[in-house]
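Hi everyone, thanks for coming. Today I'd like to walk you through one protein model, so have a look at the screen and then we'll go through it together.

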Amino acid sequence: MNLQHPPGLRDYLLGTLPADPSSADVPRAGRWTVERTLLDRAAGTRGTFTGVVIFSPDADGGLRFHEEGTVAWPAAGLPAGDGETFTGPATRDYLLRPADTPDAMDMLFPDGRPFHRMSFSPEASQDRHWCDPDTYRVTYVRHGDDEFSYAWDVAGPRKDLLLESVLRRLPATAAPNRLGSKP
């Protein structure tokens, strides 16, 4: 009987499938599309973010999280004027470090400060982050092998936001063979 340790969150994000011998030893970068809706409940404004998230392994057994795309947000109060929408590039980066279980990773800001725990397990799929004076609450949901979502509910005296993100795995590209060309 062949017992295998269930794949953890790191493997899921990278797309490393233990049953696939070609990817079990060398994880490939996990590439996901991201679609985010942004709601400022206090102002009644809505925006969007669309782009790509790339999870890539680092030397410490964790992952780098890099997000880049385009944000569209109402420009009220900005030089563009009322009724117009600001549209432009946006990026963010985080570090993910192994946690005490394979189904969770601790997310850190690029400078190493703790942010929150990422997990899909029912007992750990929710976490929070205090950013004085507001509280950020996150919930993660895995919808299958190639899709997950998370929602940030931000509440406090400065912010009243709901940020909902859906990530879908991009298909893997063929790996180059030893001569550097694609098979």
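Let me start with a question: in which sense do β9 and strand β10 pair, and over how many bridges? They pair in the antiparallel sense, and nine bridges link them. Before I go on, please keep in mind that what you see is a predicted model.

Let's stay with this pair for a moment. Strand β10 covers residues 160–169, and Val 154 stands opposite Leu 161 in β10. Four residues lie between β9 and β10, and the two strands form a hairpin.

Now look at the other partner of β9. Strand β8, residues 134–144, runs antiparallel to β9, residues 147–155, and nine bridges join them. If you want to find a spot on screen, pick Arg 142, whose bridge partner in β9 is Phe 148. β8 and β9 form a hairpin as well, with two residues between them.

Let's zoom out. The protein chain has two helices and 10 strands. Starting at the N terminus, you meet the two helices, and the strands follow.

How are the 10 strands ordered in the sheet? The order is β6-β5-β4-β3-β2-β1-β10-β9-β8-β7, in an open sheet with antiparallel pairing. At the edges stand β6 (114–119) and β7 (126–131), and each has a single partner strand, so one side of each has no neighbour in the sheet. Ignoring direction, neighbouring strands of this sheet are turned by 25° against each other on average.

On the β6 side of that order, let me show you one more pairing. Strand β4, residues 85–98, is joined by four bridges to strand β5, residues 104–108, and these two run antiparallel. Here Pro 98 stands opposite Met 105 in β5.

Next, the empty space. What is the volume of the largest pocket? It comes to about 330 Å³. Its lining is made of 20 residues, and those nearest the centre are Arg 92, Tyr 94, Phe 115, Tyr 136 and Trp 152. The elements giving two or more residues to this lining are β4, β6, β7, β8, β9 and β10. By type, the lining of the largest pocket divides into 13 nonpolar, three polar and four charged residues.

Finally, two values for the whole chain. It has 183 residues, and 35% of them count as buried. Among contacts with a separation of 6 or more, 38% come from residues 24 or more positions apart.

That's my tour, so thanks for listening!

Methods
Residues are numbered from 1 along each chain as its sequence is written. This is a predicted model: local features need pLDDT of at least 70, side-chain atom pairs count only at pLDDT 80 or more; totals for chains, interfaces and linings use all residues. Side-chain values use heavy atoms; hydrogens and water are left out. Two strands pair if DSSP finds at least two bridges between them. Axes are lines fitted to C-alpha atoms, for helices over the stretch in contact, and angles run from 0 to 180 degrees between N-to-C directions. On a 1 Å grid over the protein atoms alone, a cavity is a set of points where a 1.4 Å probe fits but cannot get out, and a pocket is an open set with protein on both sides within 12 Å along at least five of seven lines; lining residues have an atom within 4 Å of a point. Grid points are joined across faces, edges and corners, and a volume is the space filled by probe spheres set on the points. Ala, Val, Leu, Ile, Met, Phe, Trp, Tyr, Cys and Pro count as nonpolar, Asp, Glu, Lys and Arg as charged, and the others, Gly among them, as polar. Buried means under 20% relative accessible area, exposed over 50%, partly exposed in between (1.4 Å probe, protein chains only). Contact means heavy atoms within 4.5 Å.
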